[in-house]
Amino acid sequence: MPLSLDQHREMSRRIAAWRVDPARPVACPLCGTEGLKIIDRSARPYAEWYALSCSACGLDETLHIPLGQPM
Ligand SMILES: [Zn+2]
């Protein structure tokens, strides 16, 4: 179930905040439950990849953030 453009944009913002403070819980972009699991699988310096999974709604997505994109 791919994220919509708006959900993707919102999730990019949440990940930016999560990178500043990884201890802070992140809400799922689909169901809003806090405790989203994020795994950094980035292939720097080319792109950033984050595997997202939510135990509440079953979300299992990989979020791709091209480097150089303003967040
Ligand atoms: Zn969820």
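So, what is the mean pLDDT of the protein chain, and what share of its residues reach 70 or more? The mean is 90, and 93% of the residues get to 70 or more. This is a predicted model, so keep that in mind for everything I say today. If you go element by element, confidence is highest in strand S1, residues 37-40, at a mean of 95. It is lowest in strand S3, residues 60-66, at 90.

Okay, the overall layout. We have one helix and three strands in the protein chain, and starting from the N terminus they come in the order α-β-β-β. The C-alpha trace spans about 35 × 25 × 20 Å along its principal axes. A compact globule of 71 residues would have a radius of gyration near 11 Å, and the protein chain has 11 Å, so the two agree. On contacts: take the ones between residues at least 6 apart in sequence, and 26% of those join residues at least 24 apart.

Now the sheet. The three strands make an open sheet, ordered S1-S2-S3, with antiparallel pairing. S1 and S3 are the edge strands, and each has a single partner, so one side of each has no neighbour in the sheet. On average, neighbouring strands here are turned by 25° against each other, if you ignore direction.

Let me walk across the sheet, beginning with S1 and S2. These two run antiparallel and are joined by four bridges, and the hairpin between them has six residues. If you want to find the register on your screen, isoleucine 38 has leucine 52 in S2 as its bridge partner, and aspartate 40 has tyrosine 50, also in S2.

On to S2 and S3. This antiparallel pairing covers seven bridges. Here glutamate 48 is partnered with isoleucine 65 in S3, while tryptophan 49 sits opposite histidine 64 in S3. The hairpin of S2 and S3 has six residues between the strands, and in it glycine 58 takes a positive phi near 85°.

What about the helix? H1 lies across S1, S2 and S3, and runs at about 80° to S3.

That brings me to the core. Which residues make up the largest nonpolar core? There are seven: Met11, Ile15, Cys28, Leu36, Tyr50, Leu52 and Cys54. Helix H1, residues 5-20, and strand S2, residues 47-53, each supply at least two of the core residues. You have already met two of these in the sheet: Leu52 is the bridge partner of isoleucine 38, and Tyr50 is the bridge partner of aspartate 40.

Methionine 11 is worth clicking on too. Leaving out residues up to four places away in sequence, methionine 11 touches Leu3, Pro29 and Leu63. And for the chain as a whole, 11% of the 71 residues count as buried.

To recap: an α-β-β-β chain, an open antiparallel sheet in the order S1-S2-S3, a helix lying across the three strands, and a largest nonpolar core of seven residues. That's it from me.

Note on methods:
Residues are numbered from 1 along each chain as its sequence is written. This is a predicted model: local features need pLDDT of at least 70, side-chain atom pairs count only at pLDDT 80 or more; totals for chains, interfaces and linings use all residues. A nonpolar core is a set of buried Ala, Val, Leu, Ile, Met, Phe, Trp, Tyr and Cys residues joined through C-beta atoms within 7 Å. A residue is buried if 20 or more other C-beta atoms lie within 10 Å of its own, exposed if 12 or fewer, and partly exposed in between; C-beta atoms are placed from the backbone. Two residues are in contact if their C-beta atoms, placed from the backbone, lie within 7 Å. pLDDT is the predictor's confidence in each residue, from 0 to 100. Two strands pair if DSSP finds at least two bridges between them. Axes are lines fitted to C-alpha atoms, for helices over the stretch in contact, and angles run from 0 to 180 degrees between N-to-C directions. The radius of gyration is taken over C-alpha atoms; the globule rule is 2.2 Å times the number of residues to the power 0.38.
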